[in-house]
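Take a look at the model below. The text after it walks through ring pairs and then the two ligand sites.

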Amino acid sequence: MKVDVLLGLQWGDEGKGKIVDVLAPRYDVVARFQGGPNAGHTLEFDGIKHVLHQIPSGIFRAKTKNIIGNGVVLDPIVFRAEIEKLTKYNLDIKSNLFISKKATLIVPTHRLLDQAYETAKGENKIGSTLKGIGPSYQDKIGRQGLRVGDILSTRFSEKFKKLTDIHFEILKNHDIIFDWNELEKTFFEAVTFLKGFSLVDSEYFINNELKNGASILAEGAQGSLLDIDFGSYPFVTSSNTVAAGACTGLGVAPSHIGEVYGIFKAYSTRVGSGPFPTELTDDDGERLRKAGNEFGSTTGRPRRCGWIDLPSLKYSIMINGVTQLLMMKADVLSIFSQIKVCTHYQLSDGTLTEEIPYEVVNEKIIPMYTTLKGWNIEVTNLSEEQMPKELLEYVSFLEKELQVPITLISTGPDRSHTIHRSEKIS
Ligand code: GDP
Ligand code: IMO
Ligand code: MG
């Protein structure tokens with residue numbers, strides 16, 4: 001069997017959690033391959049909304065095994081809080097969740113460093129979620145990080161002290177206030193809690209599952225435009241959010257990758273700093289934020305909103321090798337009688353391009369738009385046959401431009417607000 005990958009094509013929050021939950025019954029295993037508690041994946045069913053940060057979005061499906069892969073950065077404190085929040089749902093998490101021993105640990109000083117680095121950047125801050133993502137990946141790449149498997153070592157406290165002492169040296173130069181005794185105590189309690197779960201050699205685990213014929217869905221976090229290599233650097237996260245990240249973040253060979261589901265909103269949003277060519281800073285932007293309830297699932301910050309951006313979607317499709325597109329939040333665009341689609345960028349020297357320029361952060365990009373007719377009616381509870389013609393025209397326009405079929409349309413936050421379409425470009 002193959003590993004299918006589902007990932008965001010924009011700046012995160014495309015609706016990955018909802019769709020992984022919808023698709024999970026088709027898979028034996030759901031696996032997170034990168035990111036950490038900066039993610040906030042929302043699932044809605046039976047009138048209840050759940051937000052997951054570190055736990056894969058297959059956790060509510062009783063027959064699905066869930067893996068936190070080696071490419072993830074895991075904060076035991078956040079993990080514990082998340083598990084405790086789920087206890088009232090009587091899920092068999094201890095049997096269904098497996099954590100890679102090679103996943104990197106986020107220690108409390110990583111969060112403090114995140115805060116220190118952001119404050120020091122002043123106006124140029126990234127807009128990080130301050131969950132310790134950058135500093136923990138820095139330690140991983142710098143070959144001094146701690147991994148989940150280290151908590152089983154009798155020398156763990158010693159290793160922890162060695163790493164946090166390095167962090168304290170840096171923190172001395174920053175004005176960050178904290179109660180270390182309390183942070184350390186909470187961390188070690190959470191580490192004890194974490195020891196109660198299945199800590200595994202996840203690369204063997206996953207490859208054995210594959211050998212035994214299991215189907216696997218790799219769940220991306222963040223979005224391709226936040227990728228450390230391909231995003232709008234430095235306004236990015238610290239991991240490879242693109243499809244290739246599933247190989248390194250799980251230990252699966254490229255030849256095992258099957259479908260690549262690229263998920264995008266029918267418009268665009270971004271939370272945090274960095275370029276956003278189609279951003280609407282006017283009334284329409286406000287209307288989108290309100291209609292789409294565009295506030296961060298992890299931090300509650302208002303998301304910046306704008307029109308759909310085809311040059312950046314084409315870029316993400318290219319980097320990821322997307323085989324199917326999934327369009328979210330079609331219902332939100334119902335508020336507009338006219339919908340704009342950015343087809344090109346005009347650069348400061350007047351050239352028109354469909355490519356993202358290297359100087360994306362400094363270049364003054366003017367988005368060039370085509371206007372399509374809106375549908376202006378509620379679509380949340382409609383079937384595909386009942387979809388307004390203007391919505392289907394919007395979908396066909398995007399398919400023709402992007403040259404990838406849109407096989408799913410989401411019309412609301414609930415599991416049931418999902419239309420599965422056949423696989424051909426209309
Ligand atoms: P993720 O990080 O990609 O999992 O996305 P988030 O959960 O951060 O943000 C997506 C938000 O949109 C959540 O509040 C979802 O409940 C909501 N959502 C998902 N699909 C739809 C949809 O089709 N319509 C509407 N109105 N909301 C949706
Ligand atoms: P999900 O998985 C949207 C953004 C932050 C910031 C930048 C760096 O829910 O789609 P970091 O905390 O990684 O140092 O932040 O990336 N960011 C996200 N934006 N959705 C996310 O995850 C995000 N994770 C990080 O806002 O701009
Ligand atoms: Mg999110």
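How many aromatic pairs does the count come to? The total is 19 aromatic pairs. This is a predicted model, so keep that in mind throughout.

One pair serves as an example. The ring centres of Phe168 and Phe178 lie 6.2 Å apart, and their planes meet at 10 degrees, so the pair is stacked. Planes under 30 degrees apart count as stacked. Phe168 belongs to helix H6, residues 156-171. Phe178 is in the loop between H6 and helix H7, which covers 180-194. Ten residues separate the two, and the pair links distant parts of the chain.

Now turn to ligand 2. Ligand 2 sits in the largest pocket. Around this ligand there are 21 residues. Those that come nearest are Asp13, Lys16, His41, Thr129 and Thr237. Two of these also appear in polar contacts through their side chains. An N or O atom in the Thr237 side chain is 2.6 Å from an oxygen atom of ligand 2. For Lys16, the side-chain N or O atom is 2.7 Å from a ligand 2 oxygen. Arg301 adds another contact, with a polar side-chain atom 2.9 Å from an oxygen atom of ligand 2. Taken alone, ligand 2 exposes 550 Å², and the protein buries 97% of that. What classes of residue make up the shell around ligand 2? It has eight nonpolar, ten polar and three charged residues.

Ligand 1 comes next. The space that ligand 1 takes is the second largest pocket. Here 20 residues surround the ligand, and Lys16, Thr42, Ser297, Asp331 and Ser410 come nearest. Lys16 is thus on the nearest list for ligand 1 and on that for ligand 2.

Which atoms make the polar contacts with ligand 1? Ser297 uses its side chain: an N or O atom there is 2.8 Å from an oxygen atom of ligand 1. Lys329 uses its backbone, with an N or O atom 3.0 Å from a ligand 1 oxygen. Gly412 also uses its backbone, where a polar atom is 3.1 Å from an oxygen atom of ligand 1. On its own, ligand 1 has 590 Å² of accessible area, and the protein covers 94% of it.

Secondary structure contributes to this shell. Helix H1 (16-23) and strand S3 (41-45) each supply at least two residues of the shell around ligand 1. By class, that shell divides into three nonpolar, nine polar and eight charged residues.

Note on methods. Residues numbered from 1 in each chain as written. Chains lettered and ligands numbered in written order. Predicted model: local features only at pLDDT ≥ 70, side-chain atom pairs only at ≥ 80, totals over all residues. Heavy atoms only, no water. Near = heavy atom within 4 Å. Polar contact = N/O pair within 3.5 Å; in protein donor to acceptor, adjacent residues only side chain to side chain. Areas by Shrake-Rupley, 256 points an atom, 1.4 Å probe, with all protein chains shown as cover. 1 Å grid on protein atoms, 1.4 Å probe; cavity = no way out; pocket = protein on both sides within 12 Å on 5 of 7 lines; lining within 4 Å. Sits in = over half its atoms within 2 Å of the grid points. Nonpolar A, V, L, I, M, F, W, Y, C, P; charged D, E, K, R; others polar. Phe/Tyr/Trp six-rings, centres within 6.5 Å; stacked < 30°, edge-to-face > 60°. Helix = DSSP H or I, 4+ residues; strand = E, 2+ residues; numbered from the N terminus.
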